[in-house]
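Here are my notes for your first read-through. Keep the structure open beside them and find each residue as you go.

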Amino acid sequence: MERVNPISYPDHSKRRILKEKIFLGLVIALSAITVSPIILIISKLVIKGVKQFSFDFIFKTTPNTYEAMTAVASGENIPGGVLNGISGTLLMVAAAALIAIPLGITSGVFLYENQGKRLANLVRNVSDILQGVPSIVLGLISYMWIVKHITHGFSALAGSVSLSIMMVPMIVRSTEETLKMIPNSIKEAALALGVPYYKVIIKVLIPTGFSGMLTGILLAISRVIGETAPLMLTALGSTMVNWDITQPTSALPLLVWEFYNDPNMVDLIWSTSLLLMVIVLIFNLVSKKIAKSRQ
Amino acid sequence: MNKNIAKIEDPILSVRDLTVAYDKNEAVKQVSVDFKKNSVTAIMGPSGCGKSTLLRAFNRMHELYENIHITGQIILNEEDIMKMPPIKVRRNLGMVFQRPNPFPTMSIYDNVIAGYKLNGIRLKKSEKDEIVERSLKDVALWDEVKDTLFKKGTFLSGGQQQRLCIARALAFSPEVILLDEPTSALDPIATSKIEEMLINLKKNYTIIMVTHNMSQAARISDYSLFMYLGELVEYDKTKTMFTNPKEKRTEEYLTGKFS
Amino acid sequence: MNSDKITKIVLVSVSFLILLIAGGMVFSLVSGAIPSFKEFGFSFITSKEWNPTEGRENYSALPFIAGTLMTSVTALLIALPLSFATSLFLGEYYRNTKIATILGTMVDLLAGIPSIVYGLWGFYVLRPIMVDLGLGNQGFGVFTAGLILSIMIIPYATSLSNEIIAMVPNDLKEAAYSLGATRLEVTLSVTVPAARSGIFAGYILAFGRALGETMAVTMLIGNSNLIPDNLFSSGNTMASVIANQFGEADGLKLSSLIAIALLLFVITGIINGVGKYIIKKFD
Ligand SMILES: Nc1ncnc2c1ncn2[C@@H]1O[C@H](COP(=O)(O)OP(=O)(O)OP(=O)(O)O)[C@@H](O)[C@H]1O
Ligand SMILES: [Mg+2]
């Protein structure tokens, strides 16, 4: 058990501390590069998009390409706005939420009540897989189901269905996670009083976990608001405000895509994207805020 | 130094006016103490009195956290620890933690020589083999694991894991070994194995050990140090302190009036 | 029947709907793809040609499989160092600090930007840079698409690895420090290895995202139906060809697009399954 003097091994401490500093510098620099796009993208949207913002932009429908062309030729702002997109996004996202929220929350409760059981594990895994399915595939599915067989044509409903399939897995997950955090004693206390099971769910579990579920729902909404690809295959677009769920409908991201493809309308892409981005960010930040206030 | 603090000739480690504070809360207050070479010193005291905090100051662990402030001097072999690079300090004062913490991604073999690997010291295969064998023999683990050296260390029992962690600290041949309640998570048999081993180790190393277990301190330590509310209350030969404590608080603690 | 039983039945049957949706998707994709598979058989994934000319119709997914793999791998390779550094920033070096909260929020926001906005930014900002550099076909191509994809998938890789890195127990790191290691040595030899499955799973999930991203890729890849020769040639991914060609598709072409969707579904399903499995094993 002879002690070997460790000092006899060189410690190279200077070199190692230098390496350490270089590495930290690298970490900081790469992290800065990672987040720089968010700043670059938002500032680009603001700089290019704000000047088109006006009362008309929010409250009028899309101009046709001829109107846009003459306006651009005479150096004016493009007339009209994106009301048809705003209303379409509202219609389709609301309908998608209406489908996805009950489905997602009920399944989430089911998973929570059946921890470790085989059917629950299967549902959880399938839901996880659904969450990873590319949105364009969901669009195609909704086209095959709704456009072909139910509305017999492109429709807001078809768009909503594709969005709702995206939302369900996120809501299922957040519901289950939230419920798992509720102490068992709360539930047991209610059950011990002889309260029927469904009342425990509706009156105890869901209210207790409400803010957690709301966070999940808002986050899911913020994820689907900007979806373009599935809507291209299902809702198609429309130049008018449409509230009929069986008819083709526009949406903000669809308008961005149309403007991008129409050289006369190009001026409108930035303001429309900015509006879309603001809406997405509001949902995102509000859900974060709620999640934070829960802790 | 006050009368309750034993005088140590030629100390290997000297602490002067050491104060350690978490933010503004002082957990160790003005402690001065010397440690004798090739002996076992036990640090005792009720929970929260600052034992771990004191021990962790010796190898400058507190520097990893920004909210901890240290003043005072710690001298190892006449060199001021606070002025050495922390890398060098920690090599000279090995540490063993309360809960066994072998590196989960490394084999038993790699765990033992982890110190060399982490410090970027390249060794020949034969040198490594020798260090692994010597260190594992030091902790009486060699016979139990010599056929499974390349399995993960986390497969061992708690007591074996803790001995592996001691071997890991020994492999680097530190001058002082700091142990923070090394047996509190272990069963009595594993504990007595480690105690036996520590008594053997003091031939070559200086051992400073925090313990909650008074009979353990009585069994293996040469010196005992009693702390209360961050202050050093009494420090003496273990035999003297256990038979004839000079301070009332020490006596009360040793007789189990509080813990 | 009492109310508890009814409640249980409702819960089960609604959950069953999820299985039904997934099963229905597989069924619809398979039955939609059958005409194409029948016509082309194995050559659907081996032949090199996507040719809609009437009379000489031949549809193959190979160019798009190649395009998908090339863009996604490019994206992953670019995202790897950036996301690794960012997760160390958030989970190790600046853990629990204000600056990490801000940076973490910004990374989350990256995940919130709609794909089409990334596409616009790529088209109007990145592409001109590529043109100036003389790369790609007027700036379009696999690399440009991969670059924008990398930004889009970074949040997915980062949020998981950052969480797992932050979870590595302190006493493990302290053990390494107590042996005289520097922070870099502790991080690379102890922390990262202890978190490696989580980090790995994060990259797999991010890769799965990259495979299916549509709009931004469609706007930047150049939309040609050939196997890209190199990183700077134009091409199409499985997702982008569906977006591009769907509008005018019927008959055999539509069936082939559905077959591509089926392949994409299966591939992303497998990739995500593997990622989730690793995470579960790690827990
Ligand atoms: N990381 C920390 N941050 C803030 N205060 C701390 C921290 N660690 C310890 N303390 C405080 O410092 C004091 C001393 O703690 P220390 O862990 O040194 O006690 P101890 O004697 O080792 O106790 P135990 O026997 O329970 O291990 C305690 O009051 C404790 O609350
Ligand atoms: Mg302690």
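1. Start at Leu13(B). Which residues does Leu13(B) touch, leaving aside its neighbours within four places in sequence? The contacts are Val33(B), Asp34(B), Phe35(B), Phe58(B), Ile74(B), Ile75(B), Leu76(B), Ile81(B), Leu93(B) and Ile208(B). Bear in mind that this is a predicted model.

2. Leu13(B) belongs to the largest nonpolar core, a set of 218 residues. Leu13(B), Phe58(B), Phe103(B) and Tyr235(B) have the most contacts inside that core. There is also a second, separate core of 38 residues. Among its members are Tyr109(B), Leu123(B), Ala190(B) and Leu201(B). As background, nonpolar side chains tend to be buried together in soluble globular proteins.

3. Now the four-stranded sheet of chain B. This sheet is open, and its order is β2-β1-β4-β5. The pairing is antiparallel. Why do β2 and β5 of chain B each have a side without a neighbour in the sheet? β2 (25-35) and β5 (79-80) stand at the edges with a single partner strand each, so one side of each is left free of a sheet neighbour.

4. Look at one pair in that sheet. Strand β1 of chain B covers residues 13-22 and pairs with β2(B) over seven bridges, in the antiparallel sense. Ser14(B) has Asp34(B) in β2(B) as its bridge partner. Helix α1 of chain B, residues 51-58, lies across β1, β2 and β4 (68-76). The helix runs at about 120 degrees to β1(B).

5. Chain B has another open sheet, this one of six strands. Read its order as β6-β7-β8-β3-β9-β10, with mixed pairing. At its edges are β6 (93-96) and β10 (231-237) of chain B, each paired on one side only. On average, neighbouring strands of this sheet are turned by 15 degrees against each other, direction ignored.

6. Here too, one pair is worth tracing. Strand β7 (residues 176-180) and strand β8 (residues 206-210) of chain B are parallel partners, joined over five bridges. Leu178(B) stands opposite Ile208(B) in β8(B). Ile208(B) also appears among the contacts of Leu13(B). Helix α7 of chain B, residues 158-170, lies across β6 and β7. The angle between this helix and β6(B) is about 170 degrees.

7. Turn to chain C. How many helices and strands does chain C have? The count is twelve helices and zero strands. Of its 283 residues, 61% count as buried. Its C-alpha atoms fill a box of roughly 75 × 75 × 30 Å along the principal axes. Take the contacts in chain C between residues at least 6 apart in sequence: 71% of them join residues at least 24 apart.

8. Next, chain C against chain B. Here 18 residues of chain C are in contact with 26 residues of chain B. The buried area is about 1,800 Å², with 62% from carbon and sulfur atoms. Glu174(C), Ser178(C) and Leu179(C) supply 36% of the area that chain C buries there, more than any other three residues. Two salt bridges are counted between these chains. Arg56(B) and Glu174(C) form a salt bridge through their side chains, at 2.7 Å from N to O.

9. Last, chain A against chain C. Contacts involve 76 residues of chain A and 76 residues of chain C. About 6,800 Å² is buried between them, and carbon and sulfur atoms give 80% of it. Two salt bridges are counted here. Lys288(A) forms a salt bridge with Asp108(C), with the closest N and O atoms 3.4 Å apart.

How values were computed:
Residues are numbered from 1 along each chain as its sequence is written. Chains are lettered from A and ligands numbered from 1 in the order in which they are written. This is a predicted model: local features need pLDDT of at least 70, side-chain atom pairs count only at pLDDT 80 or more; totals for chains, interfaces and linings use all residues. Side-chain values use heavy atoms; hydrogens and water are left out. Two strands pair if DSSP finds at least two bridges between them. Helices (H or I, at least four residues) and strands (E, at least two) are DSSP runs, numbered from the N terminus. Axes are lines fitted to C-alpha atoms, for helices over the stretch in contact, and angles run from 0 to 180 degrees between N-to-C directions. Contact means heavy atoms within 4.5 Å. A nonpolar core is a set of buried Ala, Val, Leu, Ile, Met, Phe, Trp, Tyr and Cys residues joined through side-chain atoms within 4.5 Å. Buried means under 20% relative accessible area, exposed over 50%, partly exposed in between (1.4 Å probe, protein chains only). Buried area is the accessible area (1.4 Å probe) that two parts lose on being put together, summed over both. A salt bridge is a side-chain nitrogen of Lys or Arg within 4 Å of a carboxyl oxygen of Asp or Glu.
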